[in-house]
Structure formats: structure tokens, C-alpha cells
Amino acid sequence: MKIVFIYSGAESLGIEYLSSFLKSKGHETELLFDPAIFSGDQVVNSRFLSRIFNVDDRIVQRALDSRPDLIAFSVYTGNFRWCLSIAERIKQRSAVPIVFGGVHPTAVPERVLLHNCVDFVIIGEGEYALLDLLEHLKASSQPEQIAKLPNLGVRINGSACIAAPRPYIQDLDSLPFPDKDLFFQKVSSFENNYLITTTRGCPFDCTYCSNNMLHHRYDHEKRHLRQRSVENVIEELFWMKKRGRMKLVAFADDGFAYSEKWLGNFVSQYKSKIDMPFYCSVHPSTVTREIASLLKKGGCRFVTMGIESCSERIRLNIFNRKGSNEKLIESMAQIKEAGIRISVDNIFGAPTETQADLDESLAFYYRTKPDRILTFWLTYYPKTDIIKHALEANVLSQAEVDRIEEGYVGFAHDTGSITGEKVKLYSKYQLLFQLRSLIHTDRLYDFFSKILLFLPFKRFTGKLVLSMNAIKNRDLRFFYLLRYLFEKKNTP
Ligand code: B12
Ligand code: SF4
């Protein structure tokens with residue numbers, strides 16, 4: 001059977017894993033990819049430019065020309081509307097079955113199946129479920145039979161029937177390596193910055209994160225975190241290193257260094273067989289002096305750390321993010337002492353957040369001086385617990401929650417949950433946080449912050465400082481995609 005995946009904006013490890021798994025079972029796969037660099041979640045969001053560089057017509061045409069047996073979309077909440085629009089256009093011209101999988105259908109499968117262009121949804125881990133679906137399509141099974149397959153959802157007489165997910169895949173080493181060429185053939189420079197995961201799942205349960213939704217969905221599971229063996233990870237990297245284009249390894253795990261024992265073993269093999277700079281995410285509460293020095297020894301250039309808010313009231317009570325401010329300071333100091341750069345994430349717009357909370361964060365960053373502060377507007381993802389907080393605090397209405405589930409996420413200020421005045425306030429803090437990560441000398445920072453706050457157009461100046469930070473940190477993803485967009489022969 002032939003399956004065509006459709007995706008946009010970034011490399012997807014999920015699709016790469018599904019593709020290699022299906023290929024190992026004798027199926028054929030193809031990818032249609034929209035770089036989407038001027039829309040959605042990229043650095044430059046411009047309706048005008050995204051209309052000019054729109055490749056939707058080509059995606060629809062190529063999907064039809066490929067004559068697949070199944071078309072598969074990997075769907076997160078922010079691309080749901082785009083996936084629907086492409087799927088609808090394909091359905092108008094062909095009866096080819098369409099399946100939606102990924103984090104959004106996992107959260108709200110019934111709602112996704114309200115759209116007639118979607119024939120099937122798959123919730124949770126997709127490898128075995130997608131294989132089952134293909135085999136049943138090959139055998140022309142009835143929807144009633146398909147409805148019984150674990151993880152699968154289908155419409156029967158107009159109603160959605162969703163089966164519970166099968167247990168998690170425990171032995172991650174049993175999976176074939178991700179089908180990297182699927183994306184590298186499109187955007188060859190993705191290979192320079194090699195995306196890899198060593199785990200699946202996260203042991204924490206922050207209220208704004210899709211892992212929180214997954215934990216509800218997989219409530220029968222005792223252990224969400226699973227880890228590949230060091231040997232298996234090294235084998236994948238070694239195979240890639242031999243191809244000669246890999247320059248940097250990007251560990252995309254929710255948290256990379258949970259265990260000192262695993263990391264110690266990993267670092268000694270990594271140093272001797274791979275020896276490439278890498279970056280990863282760490283949870284502040286898992287950092288120890290030993291972990292920090294092992295990371296450095298292995299070649300870690302920088303770590304990303306979710307701080308999200310330096311107000312403990314917000315972080316612990318609203319975000320359910322573990323770790324006191326004291327622990328954060330200690331972990332950041334340990335990482336810095338080891339000689340690794342730190343990029344921290346900060347979320348604006350938590351329900352009940354006040355200016356005092358923002359001032360607390362500013363003071364914290366003033367003191368701790370992370371190398372980069374990435375600021376995000378809180379986005380409410382379907383079926384996450386933060387939505388309950390927002391409903392209780394009257395910052396979201398049920399109608400807005402319904403719109404979010406339909407994929408109209410935008411950023412918080414687009415959903416109407418943040419008023420004009422608050423947007424202004426957040427823009428000011430965004431500017432200050434960005435500036436702090438650009439200028440570490442206190443006196444210079446004090447000087448420039450006064451000037452920038454005096455100038456009008458804070459959102460514009462904020463973007464400018466943001467871009468300077470991106471250049472300082474050599475953020476290349478945007479340029480990779482830009483280059484691909486102009487290689488018209490490959491797009492999509
Ligand atoms: C690595 C990562 C990235 C990387 C790579 C992107 C990618 N698509 O893989 C980068 C940094 C580029 C990235 C960017 C973004 N990300 Co991101 N990312 C992740 C992260 C940490 C891991 C994803 C991963 O690789 N997992 C490993 C693979 C194997 O698992 P998987 O992708 O879930 O796929 C499995 C199943 O979901 C399923 N499946 C997936 N697709 C399909 C399709 C079909 C047909 C089927 C049957 C099954 C199926 O089967 C797969 C194999 O078992 C997740 C958090 C998480 N733990 O999931 C967030 C996450 C996916 N990202 C998220 C977001 C919001 C984004 C951005 C929009 C952020 C932004 N504002 O720019 C962009 C979107 C870019 C894009 N176009 O993809 C959110 C999505 C939330 C939501 N409900 O929509 C998540 C869940 C984090 C969160 N906040 O909760 N991200
Ligand atoms: S630690 Fe990170 S990945 Fe894990 S639940 Fe919290 S936000 Fe999500």
C-alpha cells in the first residue's frame with residue numbers, strides 16, 4: 001500500500017518514525033511538505049507573503065497525482081485548520097481515504113471526526129495503529145471492524161466511535177530508526193542539525209502541556225517515560241555521522257538528562273564514537289552538578305530550560321511546574337559553572353497573572369542572566385488542565401474553549417483572553433526580557449531598557465530585539481526553510 005504524508009513548517013520525527021515502521025512492513029511512503037515560512041508559528045508571520053508563497057494547490061495536485069491508498073496528516077492544534085482545508089480539497093476530487101493522527105486528534109478525536117473529509121483518526125502512538133489500518137484497508141474491511149482496532153476512531157452512521165489506545169510501546173529499541181531521508185530529500189539542510197529523541201513521554205505533568213492531556217488519555221499507564229538504550233541511540237547517530245553532513249545534534253526529548261547513570265554511559269560512548277556538539281532540554285529539578293558536568297563533557301553547547309514564570313504562585317499552582325525558585329537558581333548556576341549556555345522559556349498570560357508576577361520574573365532574570373530568554377504567549381491546548389484554571393478565572397468562556405478545540409488557537413491575545421491593555425503590558429515585558437538576554441552588563445542593560453521603554457511601537461522594537469537574539473543564537477531553521485521554498489522543483 002502507498003501512503004502519502006502531508007505536513008508543514010518543520011521536520012516531524014513522528015512522521016519519520018511512522019514512515020520507517022511502515023516501510024519495514026513492506027509499505028511505500030511519500031511526503032508532501034509545505035515550508036510555511038510566512039504563516040503560523042514561524043519567525044515572520046505575514047498574511048500577504050504567505051498568500052504569495054502559498055503552495056496549497058500544488059500539494060493537492062501532487063497528493064492526487066501520487067494515487068495513494070491512504071493520505072495521512074500529522075495534526076497539532078495550530079495546523080488543524082490548514083490540514084482540514086487541504087483534506088477538504090482532496091476529498092472534493094477523490095475518494096481516497098484520509099486519516100488524521102497526532103496530538104490534536106489524540107486530544108479531541110470526536111470533534112475531528114465531525115469533519116466529513118476525515119475518514120479515520122488515530123489517537124496516541126501511531127506505528128501499530130496505522131499498520132492495522134492499512135492492512136484493513138487492503139482487505140476492504142467494514143468500518144465496524146476498523147472501529148474495534150485499538151487507537152482508531154471512525155464515523156459509523158454519523159457518530160464517532162473511538163477505541164481506547166493500546167499500551168505504550170515499551171521497547172523503543174524495537175522500532176526502526178526514523179526515516180530521515182523523507183525530510184532530508186526535501187530540506188537537505190535539516191541534516192546539518194540532526195533532530196533525534198532518546199525518550200518518549202514525560203514524567204512531569206505541567207498543566208499547559210500536551211503531555212498533561214496524554215496522561216489523561218493514557219490513564220491506564222503507570223510509566224509514561226520510556227528510554228532508548230545508549231547503544232541504540234549511538235548506532236543511529238553513528239550511521240548518520242558516516243554520511244558526513246551532520247554538524248550539530250539536537251536532542252528533542254521533553255527532558256534529556258533524567259538519569260546520571262544513563263547519561264554517564266551515553267557520554268563516554270558519544271565522545272568516542274560521535275563527538276559532535278549538541279543541545280538539549282533539561283528540567284531544572286533533574287539538574288545536578290554531576291549531570292551538568294557530564295553534559296559539558298559530552299559536548300553540550302547549550303541547554304533549554306522551561307522556567308515559564310519566576311513567580312512561584314504561578315509556576316507551582318497554575319502551571320504545576322515542579323521546583324522552587326531556589327532550585328531554579330541552583331540548577332542554572334550549575335549549568336553555567338559547567339560552561340554551558342542556557343536558553344530559558346517564559347510564558348506570558350497565565351490566568352490570574354499580575355504585573356507583580358511579571359516584575360518578579362524580571363528581577364529573577366536580572367539576577368540569573370540566562371543567555372537567551374524565549375518568551376511565549378500562553379496558548380491553551382485542548383484537554384489540558386490549564387483550561388480549567390482559565391474557565392475558573394473567567395479568562396476563557398466555554399465558547400472560546402470550543403473554538404480552541406476547532407483549531408483556532410492563535411496566541412492568547414487572539415482568543416480574546418487578553419485585553420488590549422494586557423497585550424501592551426506583555427509587549428513591554430517581552431521587550432525587557434529579550435533585552436536582558438541580549439545584554440548581560442547591568443549598566444548597559446539599564447541604559448538601553450530606559451531608552452527602549454521611552455520609544456513608541458513596543459511590539460515592533462520587541463520583534464527587532466527578538467531577531468537580534470535569533471541572530472546571536474544562530475537560529476537557522478527559518479533560513480533552511482527559506483532556501484527550500486526557492487528550490488521550486490522540490491516544493492512541496
Ligand atoms: C520536537 C518537537 C518540536 C520540534 C520538531 C517538530 C515536530 N513536529 O516533530 C520543533 C522544535 C521544530 C517543534 C516546533 C513546534 N512545536 Co513542538 N514539539 C516537539 C516535541 C517536544 C516532541 C515531538 C516529537 O518529536 N515526539 C516524538 C515523536 C515520535 O512523537 P510524535 O510526534 O508525538 O508522533 C507520534 C504520535 O503523535 C503519532 N502521530 C503523529 N503524527 C501522526 C500522524 C498520523 C497519520 C498518525 C496515524 C499518527 C501520528 O504517532 C507518532 C509515532 O508514535 C513535542 C512534545 C511532545 N512530547 O510530543 C512538542 C509539541 C508537538 N510541539 C508543539 C508546538 C505547539 C510546536 C510549535 C507550534 C511551536 C511554535 N509556536 O512554533 C511548532 C510547530 C512546528 C511544526 N510545524 O511542526 C506542541 C503541540 C501542542 C498542540 N496541541 O498543538 C507540543 C505537543 C508541545 C506542547 N506545547 O505541548 N516542536
Ligand atoms: S516538563 Fe515539559 S514536557 Fe514535561 S509536562 Fe512539563 S512542559 Fe510538558
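This report looks at the domains, nonpolar cores and salt bridges of one predicted model.

**Two domains**

The domain assignment gives domain 1 (2–162) and domain 2 (187–486). Their C-alpha centres lie 28 Å apart. The contact takes 31 residues from domain 1 and 34 residues from domain 2.

The size of an interface is often given as the accessible area lost when the parts come together. Here the area buried between domain 1 and domain 2 is about 2,900 Å². Carbon and sulfur atoms give 60% of that area. On the side of domain 1, Glu 11, Ile 37 and Arg 111 lose the most area to domain 2. Together they make up 19% of what that side buries.

Polar links also cross this boundary. Between the two domains there are 7 salt bridges and 13 residue pairs in polar contact. Several helices supply at least two residues each to the side of domain 1 that touches domain 2, including helix 1 (13–24) and helix 4 (80–93). Helix 5 gives the most to that side, with 4 residues.

**Nonpolar cores**

In soluble globular proteins, nonpolar side chains tend to be buried together. The largest nonpolar core in this model has 100 residues. Phe 251, Phe 266 and Leu 295 have the most contacts inside it. Helix 19 (residues 420–438) gives the largest share of this core, 8 residues. The core draws at least three residues from each of domain 1 and domain 2. Another core, of 29 residues, lies apart from it; Ile 6, Ile 71, Ala 87 and Val 118 are among its residues.

**Salt bridges**

Side chains of opposite charge can pair when their charged atoms come close. The structure holds 26 salt bridges. The table shows some of them.

| Pair | Closest N to O |
|---|---|
| Arg 81 and Glu 406 | 2.8 Å |
| Glu 406 and Arg 111 | 3.5 Å |
| Glu 125 and Arg 200 | 2.8 Å |
| Asp 442 and Arg 436 | 3.2 Å |

Glu 406 has 14% relative accessibility, so it counts as buried. Glu 125 lies in the loop between strand 5 (120–122) and helix 7 (127–138), and Arg 200 lies in strand 9 (residues 199–200), so their pair ties together parts that are 75 residues apart in sequence. Glu 125 is buried, at 15% relative accessibility. Arg 200 is buried too, with a relative accessible area of 17%.

The pair of Asp 442 and Arg 436 is mixed: Asp 442 is partly exposed at 29%, whereas Arg 436 is buried at 1%. Elsewhere, salt bridges that share partners join Arg 81, Arg 111, Lys 383, Asp 402, Glu 405 and Glu 406 into one network.

How values were computed: Residues are numbered from 1 along each chain as its sequence is written. Chains are lettered from A and ligands numbered from 1 in the order in which they are written. This is a predicted model: local features need pLDDT of at least 70, side-chain atom pairs count only at pLDDT 80 or more; totals for chains, interfaces and linings use all residues. Side-chain values use heavy atoms; hydrogens and water are left out. A nonpolar core is a set of buried Ala, Val, Leu, Ile, Met, Phe, Trp, Tyr and Cys residues joined through side-chain atoms within 4.5 Å. Buried means under 20% relative accessible area, exposed over 50%, partly exposed in between (1.4 Å probe, protein chains only). Domain bounds come from an automatic or database domain assignment. Contact means heavy atoms within 4.5 Å. Buried area is the accessible area (1.4 Å probe) that two parts lose on being put together, summed over both. A salt bridge is a side-chain nitrogen of Lys or Arg within 4 Å of a carboxyl oxygen of Asp or Glu. A polar contact is a pair of N or O atoms within 3.5 Å; within protein, one must be able to donate a hydrogen and the other to accept it, and residues adjacent in sequence count only if both atoms are side-chain atoms.
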